[in-house]
Structures are given as structure tokens and as C-alpha cells.
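This briefing introduces selected residues of one protein chain. Please keep the sequence and the structure in view while reading.

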Amino acid sequence: MAAREPSAYGAAMDQQEPFWRRKSLKEMTKAEWESLCDGCGKCCLLKLLDEDSGAVDYTDVSCKLLDTASCRCTDYKRRNRLVPGCVVLSPGTLEHLPWMPSSCAYRLLHEGKPLAWWHPLVSGERDSVHKAGMSVRHRVIPEQLVEEDDLEDHIVTWPR
């Protein structure tokens, strides 16, 4: 019996798998990496750190650069200069960011979990994150409207 050559069908099937299932986070192109952001805006909420316990509390107060209707950054390219605490996500920083929302695609893939059904890459609809109620749209106020001393009055539990 002659030896069989690898099937082109198998290779083609691998290419039909979505990139987030067949590539590690480190293997993704910049465009693929950026497309993982579902536009929920949860990571752009101001958070309070309990120095004693290390617990992180989310607030319903958003970064000054977050467009609260689209849940996108209004100055993405310069965000780190304009907001000193803004974190640049990378495969290497994810393990050091336990405060990332449990629904975040970056976190899910880092933990070996699948993307949620409402993620735009899965649903094929850019607004599915909003339709599913998984974004901060219409639930937050910009930090410019809140006194820093009042942040504790804005702690919420829904962004998990």
C-alpha cells in the first residue's frame, strides 16, 4: 500500500477555523489582536483598589476618553499620554491584570476559554455586545462629572 500524502483538505479545514481558535494570542497580527476587543467599555471604568485585601471594585464612572454611546476610545492612539493609568494590553500583560472583566475576550482566550456568543467576531454583528447588555452603554457617567472623593459612591457589581 502506498504512503498517503497529507491531505490538502485537512489544511484547508484548519484555515476555516477562526483565527482566535487556531492562533495563540502571541501569534496574532496587530489587526487580529485589535479585533478581539468587543467594544464593551468595561476595562475603561474607573476602579478602586482595596489596599488591604487587594480587591478591585468597579465603578459606573468611565474614563474621560470613553465615548459612552459607542463604548470606544475617542483618542485611542494617544490614550496613554492623555490618561497616564491607561494600560496597553498585550499577551505578556494579561496575567498581571486580574481586574480585567471576566467577559473580556483577551482574558477568555488567555484562560483557554471560548468567546461569548455575543462577541462581534462570533455573532458577525458589531452591536451584538450592546444588544446582549454586555457593554457599559447608557450605564456610566464620564469621570469629568464626578468628584474623585465621591468614587466610592459609584461602586457597582455588574461589570464582572
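Two residues are said to be in contact when heavy atoms lie within 4.5 Å. The model discussed here is a predicted one. The points below consider H154, then E147 and its charged surroundings, and finally C73.

**H154 and its contacts**
- H154 lies in the loop that runs between strand 5 and strand 6.
- Apart from neighbours within four places in sequence, H154 is in contact with Y58, T59, D60, V61, I141 and V146.
- The relative accessibility of H154 is 18%, and a residue counts as buried under 20%; H154 is therefore classed as buried.

**E147 and the negative patch**
- E147 is located in the loop between strand 5 (141-142) and strand 6 (155-156).
- Because the relative accessibility of E147 is 57% and the exposed class begins over 50%, E147 counts as exposed.
- On the surface, a patch of negative charge is formed by E147, E148, D149, D150, E152 and D153.

**C73 and its surroundings**
- C73 belongs to strand 4, which comprises residues 72-73.
- With a relative accessible area of 28%, C73 is partly exposed, since this class covers values between the buried and exposed cut-offs of 20% and 50%.
- When residues up to four places away in sequence are not counted, C73 touches L65, L66 and R79.
- C73 and K23 are separated by 50 residues in sequence, and the distance between their C-alpha atoms is 26 Å.

Key. Residues are numbered from 1 along each chain as its sequence is written. This is a predicted model: local features need pLDDT of at least 70, side-chain atom pairs count only at pLDDT 80 or more; totals for chains, interfaces and linings use all residues. Side-chain values use heavy atoms; hydrogens and water are left out. Patches are made of residues with over 30% relative accessible area and no salt bridge: like charges are joined within 9 Å, nonpolar side chains (Val, Leu, Ile, Met, Phe, Trp, Tyr) within 5 Å. Accessible areas come from the Shrake-Rupley method with a 1.4 Å probe; for residues, only the protein chains shown count as cover. A salt bridge is a side-chain nitrogen of Lys or Arg within 4 Å of a carboxyl oxygen of Asp or Glu. Lys and Arg count as positive and Asp and Glu as negative; His and the chain ends are not counted. The place of a charge is taken as NZ of Lys, CZ of Arg, CG of Asp or CD of Glu. Helices (H or I, at least four residues) and strands (E, at least two) are DSSP runs, numbered from the N terminus. Buried means under 20% relative accessible area, exposed over 50%, partly exposed in between (1.4 Å probe, protein chains only).
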